[in-house]
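Please look over the structure shown here before reading the points below, which are grouped by topic.

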Amino acid sequence: IRHGESTDNLRSIWAGWRDAPLSNHGMSRALGEFFADTHFTAIHTSDLKRAFTTAQALHERQKDPKPTFDSSELLRELNCGIAEGKPFSRRLDPDSTLEEQMEMGIYPILYGADEKFPGGESGNDLAERAKKAITQLVLPHVWQAAKQGRTEIHVAIVAHGLCISNMITELLGMSVNINEGELGAYDGLLNTAWTRVVIDIEGAQKGQPMAVDKEHPLLVMRVTDINRHSHRDTIVRQKGGIGRAAYDPKQKDIRAFFGGKQRPCFPLAMLTTTNGGDITQ
């Protein structure tokens with residue numbers, strides 16, 4: 001699940017590891033209401049405020065027994081280094097080097113997988129971190145479910161756009177039924193939107209425990225939902241400074257920002273996660 005709208009999302013700046021809070025339009029309560037009837041086994045979240053607060057709202061609306069809840073730096077957005085908090089440009093001036101652009105206070109979007117701002121991460125660095133997040137946070141649930149003969153284990157990952165898109169790509173790359181050429185694009189999605197990836201183990205059956213070769217698992221995956229955001233339909237966006245202010249969870253009339261009943265939740269499978277780049281939205 002991508003985090004709710006942050007105060008930095010309302011500005012055209014590189015937001016990466018900057019720890020901006022949610023705006024009053026953060027949408028996290030609407031998200032929590034939407035998933036109230038879908039019981040998660042676990043909720044893993046980035047430790048940055050905009051994701052952590054979104055995950056808390058999701059956790060608060062879960063029925064007992066509550067899912068486990070933890071945060072990890074592995075789920076952080078791309079570290080933009082010295083560009084953090086700086087206005088971004090969509091293209092690099094072909095007549096200037098990156099260094100010359102930065103000297104002029106221009107921080108363009110970098111498209112090369114190995115390109116990065118000083119002190120930051122490259123796309124390849126983020127991909128490696130996403131792979132670690134899958135290995136440490138996602139796959140243990142798969143192995144445990146197989147060992148117990150369980151199915152329909154629901155795990156929520158609350159993170160950031162670029163991190164999520166990398167996680168989905170890396171995850172699908174482990175599947176025996178998906179070729180590299182079949183991988184889709186999972187970026188540019190909305191705040192609090194969710195994408196569902198279903199993970200199965202070839203030969204696994206409900207009620208029948210099985211041993212898994214973790215070195216060579218026969219994982220079968222499919223993406224069933226992308227950028228789902230119907231829970232946002234009832235949110236009333238406030239004009240002016242109210243909506244742009246940082247979200248205060250103690251604010252008594254916060255429900256005034258949300259009108260009507262939430263729509264029923266669709267059945268959820270193994271992994272729920274959302275996409276969208278923090279650098280633009």
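A salt bridge, as the term is used here, is a side-chain nitrogen of Lys or Arg within 4 Å of a carboxyl oxygen of Asp or Glu. By that rule Arg129 and Glu121 form a salt bridge, since their closest N and O atoms are 2.7 Å apart. The model is predicted, and a search of the whole structure finds eleven salt bridges in it.

**Overall build**

- The chain contains six helices and eight strands, and when they are read along the sequence they follow the pattern α-β-α-β-β-α-β-α-β-α-β-β-α-β.
- The chain has 281 residues, and buried residues make up 49% of them.
- When contacts between residues at least 6 apart in sequence are considered, 79% of them join residues that are at least 24 apart.
- The area that the chain exposes comes to about 13600 Å², and carbon and sulfur atoms supply 50% of this area.

**Salt bridges and the parts they join**

- In the bridge between Arg129 and Glu121, Arg129 has a relative accessible area of 10% and Glu121 has one of 15%, so both count as buried, the cut-off being under 20%.
- Arg196 and Asp225 also meet through their side chains in a salt bridge, with a distance of 3.1 Å from N to O.
- Because Arg196 lies in strand E6 and Asp225 in strand E7, which covers residues 219–228, this pair ties together parts that are 29 residues apart in sequence.
- Arg196 is buried, and Asp225 is buried as well.
- A salt bridge is also formed by Glu33 and Arg61, whose closest N and O atoms are 3.1 Å apart.
- Glu33 belongs to helix H1 (residues 28–34), while Arg61 sits in the loop between helix H2 (49–60) and strand E2 (68–72), so this pair ties together parts that are 28 residues apart in sequence.
- Glu33 has a relative accessible area of 25% and Arg61 has a relative accessibility of 36%, so each of them counts as partly exposed, a class that lies between the 20% limit for buried and the 50% limit for exposed.
- Asp8, Arg11 and Arg18 are linked with one another in a network of salt bridges.

**The second largest pocket**

- The second largest pocket holds about 320 Å³ of space.
- This pocket is lined by 21 residues, and the closest of them to its centre are Arg150, Thr151, Glu152, Ile199 and Asp200.
- Helix H4 (123–148) and strand E6 (194–201) are the elements that give two or more residues to the lining of this pocket.
- Sorted by class, the lining of the second largest pocket consists of eleven nonpolar, five polar and five charged residues.

**A loop residue and its distant partner in sequence**

- Thr38 is found in the loop between H1 and strand E1 (42–46).
- Is Thr38 buried or exposed? Its relative accessibility is 8%, so Thr38 counts as buried, which requires a value under 20%.
- How many residues apart in sequence are Thr38 and His154? Thr38 and His154 are 116 residues apart in sequence, and their C-alpha atoms are 8.2 Å apart in space.

Terms used
Residues are numbered from 1 along each chain as its sequence is written. This is a predicted model: local features need pLDDT of at least 70, side-chain atom pairs count only at pLDDT 80 or more; totals for chains, interfaces and linings use all residues. Side-chain values use heavy atoms; hydrogens and water are left out. Helices (H or I, at least four residues) and strands (E, at least two) are DSSP runs, numbered from the N terminus. Buried means under 20% relative accessible area, exposed over 50%, partly exposed in between (1.4 Å probe, protein chains only). Contact means heavy atoms within 4.5 Å. Accessible areas come from the Shrake-Rupley method with a 1.4 Å probe; for residues, only the protein chains shown count as cover. On a 1 Å grid over the protein atoms alone, a cavity is a set of points where a 1.4 Å probe fits but cannot get out, and a pocket is an open set with protein on both sides within 12 Å along at least five of seven lines; lining residues have an atom within 4 Å of a point. Grid points are joined across faces, edges and corners, and a volume is the space filled by probe spheres set on the points. Ala, Val, Leu, Ile, Met, Phe, Trp, Tyr, Cys and Pro count as nonpolar, Asp, Glu, Lys and Arg as charged, and the others, Gly among them, as polar.
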